[in-house]
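Grab a coffee and open the viewer. Here are a few exercises to work through, each with a solution you can follow step by step.

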Amino acid sequence: MLFSNRKSKITFPACLLLAIALLIGGIFADSLTVYATQEELEAEAEARKSLPIQSNEIDNWPVGPEISAQAAILMDADTGAILYAKNIDEKLYPASTTKMMTCVLAMEEGNLDDMVEFTTEAVFSVPSDGSNMGMDVGESITMEECLYGILVGSANEVANAVAEHIGGTIDNFVTMMNERAAELGCTNTHFVNTNGLYDDDHYTTAYDLALIARAFFQDEMLCKIGNTARYHFEATATQPDDFYLNNKHKLINGEIEYDGICGGKTGYTNEARQTLVTCAEQNGMKLICVVLKEESPTQFTDTVELFDYGFHNFQIMNISENEEDYNIEATGFLQIGNDIFGNSKSILSLDTDSYVIIPNTINFNDLESEIDYSVSEENENRVAQIMYSYHDTFVGKAYLNLIDNTASSYDFDTNITTTDINVEKTEAEPEQNTIFINVKKVLIGILILAAVIILLFVLQALVINNKNAKRRKNRVKRKQNRRARIRSDFDDFDF
């Protein structure tokens with residue numbers, strides 16, 4: 001277990017109770033839970049090396065290392081592509097790596113300058129001999145300091161305090177954790193607490209934990225805090241002690257040197273054994289490694305071995321720079337060399353940031369691809385996405401987007417939906433300057449223009465008719481006036 005080096009606050013009654021507990025424990029020692037001996041644990045770890053590695057079953061895929069973890073995964077942080085897989089769907093206990101989910105919610109739902117107060121429930125609902133930083137009831141620190149306490153010191157009572165601050169109660173926050181995990185795609189995860197203390201109904205998988213880690217490492221502040229080796233807590237008006245917390249993650253605190261570490265989280269309980277989540281980046285490739293049920297210190301050495309496997313055997317390739325086999329062809333469109341204004345650019349393009357991550361031994365042309373049109377529901381500028389795989393193993397995707405602003409001085413139509421577009425894979429052809437014009441849309445535009453012209457004619461006719469009516473009215477009035485004068489002249493005579 002991890003302990004803070006904060007000054008202990010032990011009273012005489014507490015010492016007396018501890019002595020009584022030790023005495024009772026000695027009397028009933030035979031009835032206490034007996035854990036496996038070191039030799040038994042080492043034998044179990046050795047046996048786990050022979051468990052099958054699912055990623056090794058992929059044709060022409062780099063052979064992954066045999067490690068002593070019960071389950072492990074190496075995932076690309078950006079695409080979610082899986083490079084190494086060993087029992088990634090087996091339900092296991094996450095221990096304190098649970099706190100990554102707690103911190104994700106804290107960042108999403110709270111503010112770093114919020115003051116978090118410690119209640120009796122937060123402090124005393126966790127074992128006093130577990131990981132903690134010695135907070136007392138009534139003390140308070142900022143949310144930012146809480147995150148350092150959770151990620152650097154793995155403080156259980158701090159995770160509870162954050163839960164109460166965000167969710168109102170710990171139970172409400174745990175419900176939020178489960179809901180957020182489901183949103184991230186976790187299907188074999190269930191949390192019952194905020195900190196990972198053992199409970200038979202508190203479990204996850206290597207795959208699900210990697211999905212949670214993806215959300216964690218997409219947040220720059222969490223990466224910064226989760227990659228801190230040592231943090232200094234200074235005394236304040238609401239927290240009177242000055243102390244340091246030290247990170248036990250050996251790839252973060254420098255005990256094991258490795259280039260490109262972005263952060264991580266340790267975990268341990270007797271039932272879970274050693275658990276570890278780590279992120280590292282090299283040469284533009286950002287990988288997440290999760291190992292569950294290991295023995296110390298192999299959770300660190302196996303993580304290094306998996307990172308080496310990923311960085312040395314895989315490469316990233318930009319999709320827009322390598323894709324040559326897709327032709328954008330629109331239903332009901334005309335395909336011509338140039339438009340009437342002399343311009344010839346498509347109104348659709350692949351996004352330039354997407355990439356695939358593939359073994360060094362294959363090239364882009366070895367990949368299979370599939371079109372998915374459902375993405376327009378998420379983003380109106382996305383027409384479709386192209387999913388890439390190698391022997392049914394996902395390796396990346398790219399979005400087909402509407403171009404916001406073309407080079408033409410006249411835009412026939414940029415409000416195109418996915419129902420207007422078909423993207424078909426074709427044989428590579430010589431490069432041509434082509435534009436695809438949506439005749440249906442153009443005709444609609446012409447009809448609208450015609451309707452406007454007709455309306456103008458109608459308005460003009462109404463104006464003319466109105467003027468003519470006025471003239472007729474004036475003529476009638478003049479005639480009436482003349483007749484009135486004539487009658488007036490006759491009135492001067494007496495016949």
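Before you start, one definition: helices and strands here are DSSP runs, at least four residues (H or I) for a helix and at least two (E) for a strand, numbered from the N terminus. Keep in mind that this is a predicted model.

**Exercise 1. Find Ala 95 and Asn 60, and work out where each one sits and whether it is buried or exposed.**

Step 1: Start with Ala 95, which lies in the loop between strand S2 (82–86) and H3.

Step 2: Look at its backbone. Phi of Ala 95 is near 55°, a positive value in a residue that isn't glycine.

Step 3: Now check accessibility. Buried means under 20% relative accessible area. Ala 95 has 1%, so it is buried.

Step 4: Move to Asn 60, in the loop between helix H2 (38–48) and strand S1 (71–76). Asn 60 isn't a glycine either, yet it has a positive phi of about 60°.

Step 5: Exposed means over 50%. With a relative accessible area of 54%, Asn 60 is exposed.

**Exercise 2. Decide how enclosed helix H3 is by the rest of the structure.**

Step 1: Mark out the helix, which covers residues 99–109.

Step 2: Go through the buried residues: Lys 99, Met 100, Met 101, Thr 102, Cys 103, Val 104, Leu 105, Ala 106 and Met 107.

Step 3: Put that against the length of the helix. Nine of the 11 residues are buried, so H3 is largely enclosed by the rest of the structure.

**Exercise 3. Trace the salt bridges of Arg 180 and say which residues end up in one network.**

Step 1: A bit of background first. Side chains of opposite charge can pair when their charged atoms come close.

Step 2: Take the pair with Glu 108. The side chains of Arg 180 and Glu 108 form a salt bridge at 2.9 Å, N to O. This pair links distant parts of the chain, with Arg 180 in helix H7 (residues 170–183) and Glu 108 in helix H3, 72 residues apart.

Step 3: Take the pair with Glu 183. Arg 180 and Glu 183 also meet in a salt bridge, at 3.3 Å, N to O. These two are three residues apart in helix H7, so about one helical turn separates them.

Step 4: Join them up. Salt bridges with shared partners tie Glu 108, Arg 180 and Glu 183 into one network.

Step 5: Compare accessibility across the network. Arg 180 counts as buried at 19%, Glu 108 as partly exposed at 39%, and Glu 183 as exposed at 60%.

Step 6: Place this in the full tally, which is four salt bridges in the structure. Another one pairs Lys 49 with Glu 46 at 3.5 Å, N to O, and Lys 49 is partly exposed at 30% relative accessibility.

**Exercise 4. Locate the cis peptide bond that Pro 297 takes part in.**

Step 1: Go to the loop between strand S9 (285–294) and helix H11 (298–313), where Pro 297 is found.

Step 2: Check omega for the bond joining Ser 296 and Pro 297. The angle is about 5°, and the bond is cis.

**Exercise 5. Pick out stretches where pLDDT falls under 50.**

Step 1: Get the overall picture. The chain has a mean pLDDT of 84, and 77% of its residues reach 70 or more.

Step 2: Look at residues 1–5, where pLDDT stays under 50; the model gives them 21 contacts beyond four places in sequence.

Step 3: Then look at residues 21–33, also below 50, with one contact beyond near neighbours in sequence.

Step 4: Read with care. Where pLDDT is low, the predicted coordinates shouldn't be read in detail.

Definitions and conventions:
Residues numbered from 1 in each chain as written. Predicted model: local features only at pLDDT ≥ 70, side-chain atom pairs only at ≥ 80, totals over all residues. Heavy atoms only, no water. Buried < 20%, exposed > 50% of the residue type's maximum accessible area, 1.4 Å probe, protein only. pLDDT = per-residue confidence, 0-100. Contact = heavy atoms within 4.5 Å.
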